[in-house]
Structure formats: structure tokens, C-alpha cells
Amino acid sequence: MLSPPWWTVLDPSDWEAFRSAAHRALDDAIDSLRDVRDEPVWQQVPDEIKARLREPMPDRPRAFEDVYGEYRETIAPYVTGNIHPRFWGWVHGSGTPGGAIADMLAAFMNSNVGGRDHGAVYVERQVIGWFRDLFGMPADASGLLVSGSSAANFIAVLAARTRAQENVRATGVHQHDAPLVGYASAATHACVRKAFENAGLGSAALRVLPVDANHRMDVNALRTTIESDRSTGNRPFLIVGNAGTVDVGAIDPLKELAEIAQREQIWLHVDGAFGAPAYLSQTLRGKLAGIESADSIAFDFHKWLHVPYDAGCVLVRDGAVHRATFASEGPYITRMPRGLAAGEPWFTDYGPELSRGFRALKVWFTLKEHGSQKLAHAIERNCEQARMFASLVDAHPLFERVAPVELQIVVFRPVLPGISPVEIDTIVDEAAIRVQESGEAVLSSTTVEGRRALRVCITNHRTQDADLQRLPALLEAVIGEMRSTRAG
């Protein structure tokens, strides 16, 4: 039995009613950003809401406005919090209203940017070209927009592996004859180790090197380890440098790493997940000297450039090696000289996905709307705020800083005489949780040199100085309450 047309067509039966409901949704979203300062930074999802979000799949249609009403009640209030000016927990960008609208427009276009000849492909190429030029890579360098730096780092590891073992796609990884080994500091993000594991190299192939007093890779240890590996029959193929470590924001000595990589003929990859966009700033660019010599760079638009999630990028100096890592043919992706199936090269030749969303539009909108210099000034402002907050920590008798402030991250812990380090570690984690639960602010905790520490990461264009100035007193009250409870 044939279904009636209204049962199979998924467009609205009443476009004007849909338009009205959609305008309400957009107005509500804009209002929520405008008034975000008046809301809690974060709040726990209640058990009854969690139960509603475990309901079985619906089998009957409902009006869009009814579904939207359920969203407003069960989902919208329980955000991560990074759109709020007092969110300093992790390296999450704050987003922009314009970027959100761009993401909506991309959804309306519903483009698959795996390849072919259509507008979205050219937008992504332009975005890649902007940042290829920013970092001084040649015109034939390649790039790809991905979900984030974890994916970007993985692609870079695979490309470096391809250059080291040209036939690796056909024959697999050979780790029995001159095994490939790579190098990264102990402060490097865990996704790099995961990339080695997923690339078939194994985590044992990643040499984890010590850091110096400023949490930067120990270059002497790198030289010594490379020499040792060569003498024992291993094949060094990759150095991973950090442009902003995730815990304290340290920047590895990239210029020295580039010199070593060039001399030793080793691929240099820079994980610049949040730090690389600081290169937009003439004030901060010197801190990243050497990044322009990298063979590949991973970074995120959705962190310090405030593009809505998700939007990361990988750039590869040798576009031919990048393409050789992923390109494949098939009758369903036959390339044509004209028509929609034209448009070589296709992005699917540079990554694992054939189906890819139109991430580039929100990046394009953000750069077009704000310009590179305004974005650079926002980055500079966060660094200034971090230095200001560090001075508050330094002046406060309850706290001590445990790492230098290189960019926008301040790491510190309470000074509690008579309380053991183990107990202080517990207090640090509990204090972070209690501040989060208060809804007043979000900060996180981490481990620095074997001890737990509080971490304030100011990657937020909405933050004002007064927001940060409130935090020491809030922490003092929370820790004081915990100590009183302990004493009682």
C-alpha cells in the first residue's frame, strides 16, 4: 500500500508556521547569548531530565514547535558553559553569534565537502590558503578541516609515516626492521600517543622526553635520544613540538626543534591546538618562532578563534605526501573533467572521510566578520588577563603559582601549612568541583610535577577583568568551608 505524500515528504506542511517557530528559536538563541552573564556558568543535569533523555526512539511525528519546546526544557539549560564569560575550565572557545548563524546556513546548504565541484569546496580551499600563507607554507602545501586537533595530529602522524615507509598502505607497518620512532615531551597531549597506537606504530615507538623548568621539551635529551636510537638500529621519523601545552600553555623551543629536524632529516610536526593562532598577533608571534619551518601543523579554529564547534585543521608542507597517505579510487568517486564530478583535487584524498560537513563556512564567516587583527587582539587580551590574574595569585597568601604564565593559562595551588600534600591534592580537586557546582565559575584541576593544581585557562573573549578578580575570594571561601568541615 502506497503511503500518502504527507507521510513521506519531510518538509513542513505549513511553511509559514515553520517560519514563525524557527524565528522564535533563533530569537531565543540570540537572547540566551545576549543574557548569558545572568545565567549559571554550569549546572548539573537533574536525574529526571536524564531519564527523559533515555526515552525510546519515537515512531510518530510531532510538530516542530513541540520538539523545540522539549529542547528548551531538557537540553538548552544544561550547557557545557564555555559560552559564559566566567568559564575558564579547559581550552574551549566561546563561539560567536555570527559563527552560529554561519553554521545554521551551512546546515541549510547540507553540502558534502568530500569533493566534487561546488561552492563549499572553494570556501574550504580559501580558508586553508589563508592559514597556509599565515604560517609561511608553500603554495603547493595541503590542508584539511577536521573535527579537531586530535584528528589533525593523527593525520600528521600518518603523513610522516608515509614519507618514512612509502609502501605502508599496501604492505603495512614494518616495525621489525629499522623500527620507526618518534619524539615528544612529557607535556604533549595524550592524543599523540593515541595516534601512534592507531597508526600501528605502538605507543612504545613514541619516546617521551623530559621537560625543563619552564615545561618545554629538553632539547639536549632529544639530541641524545635520537643518537641513541640511530645507534641501536631504530629509525627516527617524527618530532612533535608543542605550541601551547594543554596543562600550562608552554611552548617548546620550536626553532631549535626545526634545526634538529632539518639536520637529522626528521619530520617536524607542531601541535598548536590552541596556541598556533597566536601567530596572528605581532606581539605574540615571536613566541612561536620556528613554527614556519614545520612539516605539518595541527590547530583548532574552535578554541582561540572562537569558531563554533567543531572545526580543526591540519596543514602539511608536502602536499604530495599528504595525498599519497589517503587518496584512493572507486567507481562511485570517478572524477570527471566537467560537471559536478569535477573539481580536483577532492578533500577525500587528504583524509579518511568521504562524507564531510561544511565546517569551513563558519571559519570563513568569523574571519570575514571580525578580521584577523581583531581576533589577534582578543587573543592578546586573554594573555594580559592571565598575567593580571597571576599577579592576584602571587599577592594572595593562600595561593602559590606552580608554573610560569606563557600564554593564557595560570596554574596554582593552595598553601595550607600542617596539611599533607596528599590532602592538599584532594582539596584542590574538590575545590574545583565545588566552584563548578556553585554556577559562579568553571575552572579545572590538573597534575603538575606530580601534584594536583588548580588551572584557570582564559580562552574567552567575553571575560572581563572583574570576572577574574572575583575568583580568589570565591576559592578562599570554598577552601575555608572545606577546612572548617574537616576540623569539625
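This report walks through two sheets, a few helices, one buried asparagine and some aromatic groupings in a predicted model.

## The seven-stranded sheet

Let's start with the sheet that has seven strands. It is an open sheet with mixed pairing, and its strands come in the order S1-S7-S6-S5-S4-S2-S3. At the edges sit S1 and strand S3 (206–209), each of which pairs on one side only. If you ignore direction, neighbouring strands here are turned by 20 degrees against each other on average. As general background, the strands of a sheet pair through backbone hydrogen bonds, and the pairing can be parallel or antiparallel.

## A closer look at S7

S7 is a handy strand to zoom in on. On one side, S6 and S7 run antiparallel and are joined by five bridges. Look for Ser-296, whose bridge partner in S7 is Val-316, and for Asp-300, whose bridge partner in S7 is Gly-312. S1 also runs antiparallel to S7, again with five bridges between them. In that pairing, Gly-143 has Leu-315 of S7 as its bridge partner.

How many of the five residues of S7 are buried? The count is five of five, so S7 is mostly covered, with buried meaning under 20% relative accessible area. In a regular strand, side chains alternate between the two faces of the sheet. S7 shows two sets: Gly-312, Val-314 and Val-316 point one way, Cys-313 and Leu-315 point the other way, and all are buried.

## Helix H6 and what covers it

Helix H6 takes in residues 119–134, which makes 16 residues. From its first C-alpha to its last it reaches 23 Å, close to the 22 Å expected at 1.5 Å a residue. Just after H6 comes Gly-136, which takes a positive phi of about 75 degrees.

Which residues of H6 are buried? They are Ala-120, Val-121, Val-123, Glu-124, Val-127, Ile-128, Gly-129, Phe-131, Arg-132 and Leu-134. The cover over these buried residues includes strand S1 (142–146), strand S6 (296–300), strand S7 (312–316) and H13. Among the buried residues of H6, Phe-131 turns up again in the aromatic cluster described below.

## The four-stranded sheet and its helices

Now for the other sheet. It is open as well, with four strands in the order S8-S9-S11-S10 and antiparallel pairing. Strand S8 (399–401) and strand S10 (444–448) are its edges, and each pairs on one side only. Neighbouring strands in this sheet are turned by 45 degrees against each other on average, direction ignored.

Two helices lie against these strands. Helix H13 (residues 360–395) packs on the sheet and touches S8, S9 and strand S11 (451–457), with its direction at about 15 degrees to that of S9. Helix H14 (residues 421–438) lies across S9, S10 and S11, and runs at about 30 degrees to S11. For a spot to find within the sheet, try the pairing of S8 with strand S9 (residues 409–414), which is antiparallel over three bridges. There, Glu-400 stands opposite Arg-413 in S9.

## Asn-460, a buried loop residue

Where is Asn-460 found? You'll see Asn-460 in the loop between S11 and helix H15 (465–469). Is Asn-460 buried or exposed? Its relative accessible area is 1%, which is under 20%, so Asn-460 counts as buried.

The side chain of Asn-460 makes a polar contact of 3.0 Å with the side chain of Ser-94. A polar atom of the Asn-460 side chain also lies 3.4 Å from the backbone nitrogen of Thr-463. Leaving aside neighbours within four places in sequence, Asn-460 is in contact with Asn-82, His-84, Pro-85, Arg-86, Phe-87, Ser-94, His-306 and Asn-382.

## Aromatic groupings

Searching the whole structure turns up 14 aromatic pairs. One of them is Phe-274 with Trp-304, an edge-to-face pair at 6.1 Å centre to centre and 65 degrees between the planes. The two residues are 30 residues apart and link distant parts of the chain: Phe-274 is in the loop between strand S5 (267–271) and S6, and Trp-304 is in the loop between S6 and S7. Phe-274 is buried at a relative accessible area of 2%, and Trp-304 is buried at 1%.

There is also one aromatic cluster to look for, made up of Phe-131, Phe-135, Tyr-279, Phe-299 and Phe-301.

Key
Residues numbered from 1 in each chain as written. Predicted model: local features only at pLDDT ≥ 70, side-chain atom pairs only at ≥ 80, totals over all residues. Heavy atoms only, no water. Pairing = 2+ DSSP bridges. Axes fitted to C-alpha atoms, helices over the stretch in contact; angles between N-to-C directions. Contact = heavy atoms within 4.5 Å. Expected span 1.5 Å × (residues − 1). Buried < 20%, exposed > 50% of the residue type's maximum accessible area, 1.4 Å probe, protein only. Polar contact = N/O pair within 3.5 Å; in protein donor to acceptor, adjacent residues only side chain to side chain. Phe/Tyr/Trp six-rings, centres within 6.5 Å; stacked < 30°, edge-to-face > 60°.
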